[in-house]
Amino acid sequence: MHPLLLLFTANVALGVTLDTEGLPDTGLDTSGWTKGALPPLADMFDLNDMQLAAKNVLPAKYYASYRTGALNEYTYRANLEVYAKVRLNGFSFRDVSNVSTSALLGQQSWATPFRSRSSSRRPRRQVTRTRPPKRPSRAAAGSAGILYVPSISSTLPIEAIAAAGRAGQVMFHQMYVWANHSRVVDELARIEAAGFKALFVTVDNTGIAGVRTRSMRYTPGSDTGHAANFDLHALAAFRNLTTLPIVPKGIKTWQDARTCLRLGFRAVYVSNHGGRVLDGAPTAVEVLVDIQKHAPEVFAGMEVYADGGVRRGTDALILLALGARAVGLGRPPMFANVWGEAGVSRMAALLARELGTSMQLMGVRDVRELNGSYVNTNAVGY
Ligand SMILES: Cc1cc2nc3c(=O)[nH]c(=O)nc-3n(C[C@H](O)[C@H](O)[C@H](O)COP(=O)(O)O)c2cc1C
């Protein structure tokens, strides 16, 4: 073989070429990366960079389990793409020398209006040398002023998660309605005793999970153990089992939001579970627009939280302007967690910077000023 050709072949073998899954191209250069190794955190400039770094370092099976959506992943993709249809109205002639991104949720003050659902469940065998530390996300969320909501499916016990929080850190807990009633009673008692302040009760995959082809290639779907008969009577019975405020999570229609208002809930959580459950379900933007149209009293009567595809400060800003009091992140903290606490902290800082910058450019001093006048959703056409 010609020596020049040899040299050329050796060069192209270096670096990593990743399928970037249609994520926005912002010039991330992976040619210096090594397959299976974690790139420097300082080289991560946005949450999409972090996702691709996680993809490079996590075994394919684990990346697929985080990344997967249901069926054709229409809703997963719509979650990411809907924000491009919304136009932001920026106003001049305002004093924006002091911009505050902190928010008041459930009578608690938070440095940012974000909530993170960072899984304590993580790959047991990682090919990376930089294995994440045991409990990074809660601490990182606490120091970044983000509300942390651990999953009931975490591998760490409820009590251990509570103990890992920072002094005074308020945490909510996610909960499922298990078919096994004594398990429900036991877990509710433990969550209360551990000091969690509210429950996000997931109501969008009762009885069954979505068919997630991408992850089924590695792990067959299994029985969720959730009750399939969770109707309004069962909801009323569930509410009697705890003194903690309950936030139904997974509201996908304005009718269900209104039902929750009428039933006296203090908050609801608009979510399609990151596109992992019902493929074809609407995005949070669409549901919020629908609530504005058909049941605007919901926003006055309850706190509304929302998630799905939030990867930029502007995505969060759009949900806040459409009436959400807080926005959630599912996959991003899980991907950021490949660097442990430092990764989750950087993720929070990047988002807060994007949010604060965009607010300043729009003439908004405080997240609480955001309202429908700052967004144009005509192109959403929902
Ligand atoms: C790996 C993974 C596990 C999840 N597990 C749960 C869960 O147990 N309960 C739940 O209500 N939502 C669960 N979700 C959904 C998230 O709470 C959140 O609604 C969703 O991921 C937000 O979309 P995003 O990932 O685009 O930010 C999970 C999401 C992922 C990615």
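Tutor: A residue is called buried if 20 or more other C-beta atoms lie within 10 Å of its own, exposed if 12 or fewer do, and partly exposed in between, with the C-beta atoms placed from the backbone. The model is predicted, so local features need pLDDT of at least 70 and side-chain atom pairs count only at pLDDT 80 or more, whereas totals for chains, interfaces and linings use all residues. Residues are numbered from 1 along each chain as its sequence is written.

Student: What makes α2 a helix that is largely enclosed by the rest of the structure?

Tutor: Because 11 of the 11 residues of α2 are buried, the helix is largely enclosed by the rest of the structure. Among these buried residues are Asn48, Asp49, Gln51 and Lys55, together with Leu47, Met50 and Val57. The elements that cover them include α3, α14 and α15. Helices here are DSSP runs of H or I with at least four residues, strands are runs of E with at least two, and both are numbered from the N terminus. By that rule the protein chain has 15 helices and 12 strands, and 44% of its 382 residues count as buried.

Student: How do you know that the buried residues of α3 line one face of the helix?

Tutor: The buried residues of α3, which spans residues 60-67, are Tyr62, Tyr63, Tyr66 and Arg67. Seen down the axis of α3, they fall within an arc of 125 degrees, so they line one face of the helix; the arc is that of the directions from the helix axis to the C-beta atoms. Their cover includes α2, α8 and α14.

Student: Which residues does Arg331 of α14 contact?

Tutor: Two residues are in contact if their C-beta atoms, placed from the backbone, lie within 7 Å. Leaving aside neighbours within four places in sequence, Arg331 is in contact with Tyr66, Arg67 and Gly274. Arg331 lies in helix α14 and has 23 C-beta neighbours inside 10 Å, so it counts as buried.

Student: Why are β5 and β6 said to stand at the edges of the sheet?

Tutor: Two strands pair if DSSP finds at least two bridges between them, and on that basis eight strands form an open sheet with parallel pairing, in the order β5-β4-β11-β10-β9-β8-β7-β6. Strands β5 (147-148) and β6 (173-175) each have a single partner strand, so one side of each is left without a neighbour in the sheet. Within this sheet, β7 (residues 199-202) and β8 (residues 246-251) run parallel and are joined by four bridges, and Val201 stands opposite Pro248 in β8.

Student: Is Lys249 of β8 buried or exposed, and what makes it so?

Tutor: Lys249 has 25 C-beta neighbours inside 10 Å, and therefore counts as buried. Lys249 is found in strand β8, and, not counting residues up to four places away in sequence, it touches Phe200, Val201, Thr202, Val203, Tyr269 and Ser271. An unreviewed UniProt entry lists Lys249 under "binding site", a label that also covers Arg331, Thr202 and Ser271, among others. Positions from UniProt are given in the numbering used here with shortened feature names, and such annotations may be inferred rather than shown by experiment.

Student: What phi values do His273 and Glu21 have, and which of the two is buried and which exposed?

Tutor: Most residues other than glycine have a negative phi. His273, however, has a positive phi of about 65 degrees, and Glu21 has one near 55 degrees. With 23 C-beta neighbours inside 10 Å, His273 counts as buried, whereas Glu21, with 12, counts as exposed. His273 lies in the loop between β9 and α11, while Glu21 is found in the loop between α1 and α2. The unreviewed UniProt entry lists His273 as "active site", and the contacts of His273 beyond four places in sequence are Asp204, Asn205 and Gly250.

Student: What makes a set of residues a nonpolar core, and how many residues has the largest one here?

Tutor: A nonpolar core is a set of buried Ala, Val, Leu, Ile, Met, Phe, Trp, Tyr and Cys residues joined through C-beta atoms within 7 Å. The largest has 96 residues, and those with the most contacts inside it are Val268, Leu288, Leu319 and Ala324. Helix α15 (residues 341-362) gives the largest share of this core, nine residues. Leu288 contacts Leu319 and Ala324, and also Val270, Ala306, Leu322 and Gly323, when neighbours within four places in sequence are left aside.
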